[in-house]
Amino acid sequence: MPVRPAAQIKYFGFLNFISFSIFSNGVFKEMWKPTWQFGLMQYGGYASSQANSVIISQVGEINLINAYIITIKLINILKQFSQIPFNVEIPDYYRLFSTRRIDVLKSKVVNKIIYSFIIFSVLSFIFIFFGENLISLIKEGEGFLLNKYLLFILVISALFEMHHSFHANLYIASNKVPFLIPSIYTGCMLFIVGNLVILEYGVLGVIISQVAIQASVNNWYPVYKSLKLLDWKFYKYLT
């Protein structure tokens, strides 16, 4: 059955509407750059988190290697769990940012960060002082974790990592991802410096170098970008 011209016009008009709704060249161009930058940033973050585990394997002491890997994995679990109160609200942060309700956004962000910090601090206290005993209830033995001094350093480092990740997520609401180069820099530096210090200073040297490298860029740069985006003075943020 032949299609009438009027019906053809409506049909192709409908297709044009659907294609424009599903795919917009302007939106694609706007989203493509931050998308691939964010993807590469995730790889850089993964390299940063795994670099030390690879380096520690050079020590040659299987018990020490196992203790380090178990310690890092458990701290990451505590960190991820503690971030839940903040992370579940991310869509709402983006909504508030897009509607320019900045004061409401600031108040909500501060409350969730404090809540996450409290959870992490309580869990970390239990982990540092009772973690070894709790693990021994599941599996007989000792030396499952690093010593308490190293645990304390790693927990403080994780706290700063949590803080800058909160602000990195906030800044991404602007559809910009300026953290690609810092992420790659951190991954490369951790691997290079870690290999230089592992044989001379052991696990302590690797951990201290991690803290120093993270502090050189990652611990402050996302915070600075986020506060600047929201026109948020640092002293007001702290108070």
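## Helix 7 against helix 8

Let's start with a pair of helices in this predicted model. Helix 7 covers residues 148-171 and helix 8 covers residues 180-216; their axes come within 11 Å of each other and cross at roughly 20°. That crossing angle is under 35 degrees, so helix 7 and helix 8 count as roughly parallel to each other. As for handedness, helix 7 passes helix 8 in a left-handed crossing.

If you want to pull up the residues involved, the helix 7 side consists of L150, I153, L154, S157, E161 and H164, and these meet V203, L204, I207, I208, Q210, V211 and Q214 in helix 8. Sorted by class, this contact has eight nonpolar, four polar and one charged residues.

## Helix 7 against helix 9

Helix 7 also packs against helix 9, with the axes 8 Å apart and an angle of about 40°. An angle of about 40° falls in neither the under-35 band nor the 65 to 115 band, so helix 7 and helix 9 are oblique to each other. Here too, helix 7 makes a left-handed crossing as it passes helix 9.

On the helix 7 side you'll find H163, H164, H167, A168, L170 and Y171, which meet P222, V223, K225, S226, L227 and L229 in helix 9. The class split for this contact is seven nonpolar, four polar and one charged. H164 is worth a click, as it appears in the contact with helix 8 and in the contact with helix 9.

## Two buried residues in helix 7

V155 sits in helix 7. Its relative accessibility is 8%, which is why it counts as buried. Setting aside neighbours within four places in sequence, V155 is in contact with I75, F120, S124 and I128. Check the C-alpha atoms of V155 and F127 as well: they are 9.5 Å apart in space, while the two residues are 28 apart in sequence.

A168 is in helix 7 too, and at 12% relative accessibility A168 counts as buried. Leaving out neighbours within four places in sequence, A168 is in contact with F179 and P222. P222 is one of the helix 9 residues in the helix 7 contact described above. From A168 to P178 the C-alpha distance is 9.1 Å, with their positions ten residues apart in sequence numbering.

## Helix 5 against helix 6

Moving on to another pair, the axes of helix 5 and helix 6 come within 8 Å and cross at roughly 155°. That makes helix 5 roughly antiparallel to helix 6, and their crossing is left-handed.

D92, Y93, L96 and F97 are the helix 5 residues here, and they meet I102, V104, L105, K108, V109 and K112 in helix 6. This contact divides into seven nonpolar, no polar and three charged residues.

## The nonpolar core

In soluble globular proteins, nonpolar side chains tend to be buried together. In this model, the largest nonpolar core has 42 residues, and F86, L105, V109 and L146 are the ones that touch the most other members. Two or more residues of this core come from each of helix 2 (25-56), helix 3 (62-82), helix 5 (90-98), helix 6 (102-138), helix 7, helix 8 and helix 9 (221-229).

F86 is a handy place to centre the view. Not counting residues up to four places away in sequence, F86 touches Y93, V109, K112, I113, S116, F166 and L170. Among these, Y93, V109 and K112 also take part in the contact of helix 5 with helix 6, and L170 belongs to the contact of helix 7 with helix 9.

## Positive phi in two loops

Now for some backbone details. R100 is not a glycine, yet it has a positive phi of about 60°. R100 lies in the loop between helix 5 and helix 6, and at 52% relative accessibility R100 counts as exposed.

D231 is another non-glycine residue with a positive phi, near 55°. Its place is in the loop between helix 9 and helix 10 (234-238). D231 is exposed, with a relative accessible area of 60%.

## The whole chain

Zooming out, the protein chain has ten helices and zero strands. Of its 239 residues, 39% count as buried. Among contacts between residues at least 6 apart in sequence, 78% join residues at least 24 apart.

Notes
Residues numbered from 1 in each chain as written. Predicted model: local features only at pLDDT ≥ 70, side-chain atom pairs only at ≥ 80, totals over all residues. Heavy atoms only, no water. Axes fitted to C-alpha atoms, helices over the stretch in contact; angles between N-to-C directions. Helix = DSSP H or I, 4+ residues; strand = E, 2+ residues; numbered from the N terminus. Parallel < 35°, antiparallel > 145°, perpendicular 65-115°, else oblique. Left-handed = near helix turned anticlockwise from the far one by under 90°. Contact = heavy atoms within 4.5 Å. Nonpolar A, V, L, I, M, F, W, Y, C, P; charged D, E, K, R; others polar. Core = buried A, V, L, I, M, F, W, Y, C linked by side-chain atoms within 4.5 Å. Buried < 20%, exposed > 50% of the residue type's maximum accessible area, 1.4 Å probe, protein only.
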